[in-house]
Amino acid sequence: MLKIAITGGAGTGKSTVARMFAELGAEVLNADQIARDVVAVGAPAWEELRRLYGPEYFNENGELNRSRLAQLVFADPEERSRLDRLIHPRVEAELKARVAELRRRGKALVLVEVPLLFETGREAAYDRVIVVTAPEAVQIRRLQGRDRRGPDEIRGMLKAQWPLTGKVARADYVVDNGGERRVTARQVKNIWAELKNQLDSSG
């Protein structure tokens with residue numbers, strides 16, 4: 001099975017690109033969604049987070065207040081490291097299980113959206129890496145509009161991640177998502193065609 005990672009920076013539009021691949025017929029997994037799943041109410045990680053951070057970081061319905069916790073961890077590298085140690089191994093284990101299930105079903109290729117691929121040293125687990133880029137001004141505008149994040153939190157998020165130039169230098173494919181949607185879609189279609197050609201030639 002060919003495993004492809006989709007990564008990039010905050011606000012570059014990784015999920016948009018992942019959806020485009022899915023619309024073309026790709027099997028796509030989302031590490032962020034899996035991270036939400038592993039902290040669902042009652043899950044072991046949820047219990048641990050309640051113990052570590054207290055009820056003030058949870059909503060009335062018991063769900064984790066991700067926005068409030070993000071404000072804390074992006075302002076404090078030690079807290080971010082502690083949260084990563086708690087969440088990332090669980091996300092990785094669930095990802096492996098889902099990839100294994102796709103392999104059992106005979107799928108030859110899977111794309112996985114992994115926001116912190118390089119930061120967590122997981123690039124070796126993938127056969128190819130697609131990096132989604134956008135100008136920093138576009139990233140900031142998207143984060144302000146989409147997530148209603150404040151300037152300090154956005155600066156913390158961007159500072160916590162590798163510079164996009166470093167990610168691009170280690171990419172197999174780059175998608176520039178700083179402009180019109182149709183331009184992004186054309187790049188995605190070209191990469192998808194090349195990936196399918198690789199599968200055909202190796203089969």
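A residue counts as buried under 20% relative accessible area, as exposed over 50%, and as partly exposed in between (1.4 Å probe, protein chains only). The model is predicted, and local features need pLDDT of at least 70, side-chain atom pairs pLDDT 80 or more, while totals for chains, interfaces and linings use all residues. Residues are numbered from 1 along each chain as its sequence is written, and side-chain values use heavy atoms, with hydrogens and water left out.

**Exercise 1. Classify A137 and place it in the chain.**

Step 1. A137 belongs to helix α6, residues 136-147. Helices (H or I, at least four residues) and strands (E, at least two) are DSSP runs, numbered from the N terminus.

Step 2. The relative accessibility of A137 is 55%, so A137 is exposed.

Step 3. From N59, A137 is separated by 78 residues in sequence and by 32 Å in space, C-alpha to C-alpha.

**Exercise 2. Describe the overall fold and dimensions of the protein chain.**

Step 1. Count the elements: the protein chain contains nine helices and five strands. Read from the N terminus, their order is β-α-β-α-α-α-α-β-β-α-α-α-β-α.

Step 2. Test the radius of gyration, taken over C-alpha atoms, against the globule rule of 2.2 Å times the number of residues to the power 0.38. For 203 residues a compact globule would have a value near 17 Å, and the 18 Å of the protein chain agrees with this.

Step 3. Add the extents: the C-alpha trace spans about 55 × 40 × 30 Å along its principal axes.

Step 4. Consider the contacts (heavy atoms within 4.5 Å). Of those between residues at least 6 apart in sequence, 74% join residues at least 24 apart.

**Exercise 3. Work out the strand pairing around β3 and β1.**

Step 1. Apply the criterion: two strands pair if DSSP finds at least two bridges between them.

Step 2. Strand β1 (residues 2-8) is joined to β3 by five bridges, and the two run parallel. In this pair L2 stands opposite L109, and K3 opposite V110.

Step 3. Strand β2 (residues 28-30) also runs parallel to β3, with three bridges. Here L29 stands opposite V112.

Step 4. β1 pairs with strand β4 (residues 128-133) as well, in the parallel sense and over five bridges. I6 is opposite I130 in that pair.

**Exercise 4. Determine how these strands and helix α1 are covered.**

Step 1. Take the chain total: buried residues make up 41% of the 203 residues.

Step 2. In β3 (residues 109-113), five of five residues are buried. L109, L111 and E113 point one way, V110 and V112 the other.

Step 3. In β1, six of the seven residues are buried, so this strand is largely enclosed by the rest of the structure.

Step 4. In helix α1 (residues 14-23), the buried residues are K14, T16, V17, A18, M20 and F21. An α-helix has 3.6 residues a turn, so residues three or four places apart point the same way.

Step 5. After α1 comes G25, with a positive phi near 110°.

**Exercise 5. Characterise the charges of the protein chain.**

Step 1. Lys and Arg count as positive, Asp and Glu as negative; His and the chain ends are not counted. Each charge is placed at NZ of Lys, CZ of Arg, CG of Asp or CD of Glu.

Step 2. There are 34 positive and 29 negative side chains, and the centres of the two sets are 3 Å apart.
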